[in-house]
Amino acid sequence: MSAPLPAVRSLYRRFLRELPARSPSLLANPSPIQRHLRQDFTAALHDTSTSLSHQAAKPVAARLHEAEQYLLYVKSQRVYATLLERYNPGMNMGEEDRVRLSARRVGINLPEEYVDESK
């Protein structure tokens, strides 16, 4: 049983959208993960056993369901990272910057530190 072509293409395109952007000439220079995805989806479309041996034993519908689950996981991880950065803005800052921004948040501007230039 072969999978419906539009559903496979749609799933493949959704995977490509989740991958980080590389360059304008994406089709001319695909990344290794993009080549692997294309190989797996081409194998799923043609129902051949050119993909990995443990996947070749699975029916096409089961492989597509597994791919949808993995796509959902990748998308959820991207959203999680975005939310983590949005709601924890000081996560990647140093201690000094974090203290300065925390003070500014409550309405206090920290004084500039005195630097003794005579020493």
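Buried here means under 20% relative accessible area, exposed means over 50%, and partly exposed is what falls in between (1.4 Å probe, protein chains only). This is a predicted model, where local features need pLDDT of at least 70, side-chain atom pairs count only at pLDDT 80 or more, and totals for chains, interfaces and linings use all residues. Residues are numbered from 1 along each chain as its sequence is written, and side-chain values use heavy atoms, with hydrogens and water left out.

On to the rings. Two aromatic pairs turn up in the structure; rings of Phe, Tyr and Trp (its six-membered ring) pair if their centres lie within 6.5 Å, with planes under 30 degrees apart called stacked, over 60 edge-to-face and the rest tilted.

| Pair | Centre to centre | Angle between planes | Type |
|---|---|---|---|
| Phe15 and Tyr70 | 6.1 Å | 25 degrees | stacked |
| Tyr70 and Tyr73 | 6.3 Å | 35 degrees | tilted |

Phe15 sits in helix H1 and Tyr70 in helix H4 (residues 60-87), so their pair ties together parts that are 55 residues apart in sequence. Helices here are DSSP runs (H or I, at least four residues), numbered from the N terminus. Tyr70 and Tyr73, on the other hand, both belong to helix H4, three residues apart, or about one turn of the helix. Phe15, Tyr70 and Tyr73 make up one aromatic cluster.

How much of each ring residue is accessible? Phe15 is buried at 5% relative accessibility. Tyr70 is partly exposed at 48%, and Tyr73 is partly exposed at 48% too.

Technical notes. Helices (H or I, at least four residues) and strands (E, at least two) are DSSP runs, numbered from the N terminus.
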